[in-house]
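Trainee: I would like to take a close look at a single part of this model. Could you please take me through one sheet and the helices that pack around it?

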Amino acid sequence: AIEEALNLLLSNTLLVHQHFRTSGTAQTFTKEMGANFKTWIALFRGVNMEAGQRTLQQIPMGELRAVYTQMGFKQVRTLHQQGSLVFESSLPRETIDKKMGDVFAGMHQFRPYIFLYTPEELNKVFTSNPFEAVEGPFNNPRTISVFFLSRPPPSPDLDKIKYLQKGSEKSKLWTGDGPPVFYLSSSEALKKSRLVNNVESCLGVTATIRSLRIVDVLLDMAK
């Protein structure tokens with residue numbers, strides 16, 4: 001009973017947040033750090049990943065907070081072991097991406113693909129989700145996952161996606177206004193999905209996965 005109530009609470013929270021973020025009344029992403037500073041959300045591919053995508057490297061997030069703070073980023077914060085950072089910087093996107101990648105590679109001999117978004121871009125991903133947070137049995141809320149894509153897929157293999165997709169899954173490729181993403185809604189654990197580990201090969205682009213709940217939390221952290 002407790003688990004059912006918790007699942008319902010989390011799902012309802014997503015629905016409420018999606019309504020307010022869509023209506024524009026949830027938050028305005030402003031900082032009191034000067035006009036030159038912007039908030040950024042960095043998603044590392046293959047670092048401390050959620051279940052459903054292969055982890056290439058396990059890194060203590062405290063280590064990342066420390067090293068990127070030393071680099072000059074402000075208010076660096078992380079979310080547990082999710083491979084995600086929120087921080088402020090006055091540098092342009094391309095410079096941030098290169099500096100973060102160079103430092104990480106120097107420390108771990110491994111250069112992850114880093115997805116960089118502004119809060120406005122991530123909010124667009126959250127509000128463009130085409131699926132309801134809860135469908136099906138009361139005690140089995142659907143999990144909504146977001147695959148962030150390095151670029152719009154030039155020739156996605158939709159037939160392969162349809163073949164791999166189970167009856168308990170729904171998916172949607174989004175390449176409209178905002179960052180390109182691939183949404184996956186499922187009522188089963190991601191580790192049981194044939195599609196999850198084949199999204200990159202189906203779409204022909206680099207991708208990293210986060211749950212919609214994690215996206216929601218990251219947006220709150222970016223306030």
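Mentor: What follows describes one sheet, the helices on it, and a pair of aromatic rings beside it. Please keep in mind that the model is predicted.

We begin with the strands. Four of them form an open sheet in the order E2-E3-E1-E4, and the pairing is antiparallel. In general, strands of a sheet pair through backbone hydrogen bonds, either parallel or antiparallel. The edge strands here are E2 and E4 (114–117), each of which pairs on one side only. On average, neighbouring strands of this sheet are turned by 20° against each other, with direction ignored.

For a single pairing, consider strand E1 (residues 38–44) and E3: these two strands are joined in the antiparallel sense over 6 bridges. One residue can be followed across: Ala42 has Leu85, in E3, as its bridge partner.

Next come the helices. Helix H2 lies across E1, E2 and E3, and runs at about 165° to E2. Helix H4 (residues 119–127) also packs on the sheet, where H4 touches E1 and E4. The direction of H4 makes about 100° with that of E4.

H2 has a helix partner as well. Helix H2 (residues 61–70) packs with helix H3 (residues 93–108) at an angle of about 125°, and their axes are 11 Å apart. Because of that angle, H2 is oblique to H3. The crossing in which H2 passes H3 is right-handed. Which residues in H2 and H3 meet? From H2 come Glu63, Leu64, Val67 and Tyr68, and from H3 come Met100, Val103, Phe104, Met107 and His108. Sorted by class, the contact of H2 with H3 has 7 nonpolar, 1 polar and 1 charged residues.

Finally, we turn to the aromatic rings. The structure holds 8 aromatic pairs. One of them is formed by Phe73 and Phe87: the ring centres are 4.5 Å apart and the planes are at 15°, so the pair is stacked. The cut-off behind this step is that planes under 30 degrees apart count as stacked. Phe73 lies in the loop between H2 and strand E2 (74–78), whereas Phe87 belongs to strand E3 (residues 84–89). These two residues are 14 residues apart, and the pair links distant parts of the chain.

To draw the picture together, E3 pairs with E1, has H2 lying across it, and contributes Phe87 to the stacked pair.

Methods:
Residues are numbered from 1 along each chain as its sequence is written. This is a predicted model: local features need pLDDT of at least 70, side-chain atom pairs count only at pLDDT 80 or more; totals for chains, interfaces and linings use all residues. Side-chain values use heavy atoms; hydrogens and water are left out. Axes are lines fitted to C-alpha atoms, for helices over the stretch in contact, and angles run from 0 to 180 degrees between N-to-C directions. Helices (H or I, at least four residues) and strands (E, at least two) are DSSP runs, numbered from the N terminus. Angles under 35 degrees count as roughly parallel, over 145 as roughly antiparallel, 65 to 115 as roughly perpendicular and the rest as oblique. A crossing is left-handed if the near helix is turned anticlockwise from the far one by less than a right angle, and right-handed if clockwise. Contact means heavy atoms within 4.5 Å. Ala, Val, Leu, Ile, Met, Phe, Trp, Tyr, Cys and Pro count as nonpolar, Asp, Glu, Lys and Arg as charged, and the others, Gly among them, as polar. Rings of Phe, Tyr and Trp (its six-membered ring) pair if their centres lie within 6.5 Å; planes under 30 degrees apart count as stacked, over 60 as edge-to-face and the rest as tilted. Two strands pair if DSSP finds at least two bridges between them.
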